[in-house]
Amino acid sequence: MWARSSGGRCVISRVLPLLLLAAVVAAAVPAPLDPLKVAPHIYELEFENERVRVIKQRIRSGETPPVHAHPDRVMVYLQSCAWLEDDGQGGERMQLFKIGEAVWAPAETHGGAAIDVVQECLVLEVELL
């Protein structure tokens, strides 16, 4: 039986929304796939609070990042960079970004394949928690 508060409402009715919020935040990036944990040589924490996390990503040609996950995020390129990417249909497409360019990136899990960038690429990722 749930304890009732002095107002007659179950304590659980006040606690449940907080528990749900905690579950959503915890599910944003599965801990075992957090890029900061699985690839600290690529990802560096710049800032974090309960709503947002800012990560610096340094992409080097020939590197093979382990499988990792990101929540929805905004990516800001700190230098121009380009690479070839699998287009999902057996071909490739060029990804090209200019310095200062900001792009939306939906949540994804990726990694495990070598990266072939034209030059080292520096990116700030603003992850929405």
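Me: Let's start with one residue: is Tyr 77 buried or exposed?

Reply: Happy to help! Keep in mind that this is a predicted model. Buried means under 20% relative accessible area. Tyr 77 has a relative accessible area of 2%, so Tyr 77 is buried.

Me: How many aromatic pairs does a search of the whole structure find?

Reply: A pair of aromatic rings is described by the distance of the centres and the angle of the planes. Here the search finds 2 aromatic pairs. Tyr 77 and Phe 97 are stacked, with 4.2 Å centre to centre and 0° between the planes. Tyr 77 sits in strand S4 and Phe 97 in strand S6, so this pair ties together parts 20 residues apart in sequence. Phe 97 is buried as well, at 9%.

Me: And which residue forms a tilted pair with Phe 97?

Reply: That is Trp 83, at 5.6 Å centre to centre and 35° between the planes. Trp 83 lies in strand S5 and Phe 97 in strand S6, 14 residues apart. Trp 83 counts as buried at 14% relative accessibility. Ring pairs thus link Tyr 77, Trp 83 and Phe 97 into a cluster.

Me: Now the sheet: in what order do the strands of the open sheet come?

Reply: Strands of a sheet pair through backbone hydrogen bonds, either parallel or antiparallel. This open sheet has 5 strands in the order S1-S2-S9-S4-S7, with antiparallel pairing. Strands S1 and S7 are the edges, each pairing on one side only. From one strand to the next, the twist averages 25°. Strands S2 and S9 pair over 8 bridges, and Ile 55 stands opposite Glu 125 in S9.

Note on methods:
Residues are numbered from 1 along each chain as its sequence is written. This is a predicted model: local features need pLDDT of at least 70, side-chain atom pairs count only at pLDDT 80 or more; totals for chains, interfaces and linings use all residues. Side-chain values use heavy atoms; hydrogens and water are left out. Two strands pair if DSSP finds at least two bridges between them. Helices (H or I, at least four residues) and strands (E, at least two) are DSSP runs, numbered from the N terminus. Axes are lines fitted to C-alpha atoms, for helices over the stretch in contact, and angles run from 0 to 180 degrees between N-to-C directions. Rings of Phe, Tyr and Trp (its six-membered ring) pair if their centres lie within 6.5 Å; planes under 30 degrees apart count as stacked, over 60 as edge-to-face and the rest as tilted. Buried means under 20% relative accessible area, exposed over 50%, partly exposed in between (1.4 Å probe, protein chains only).
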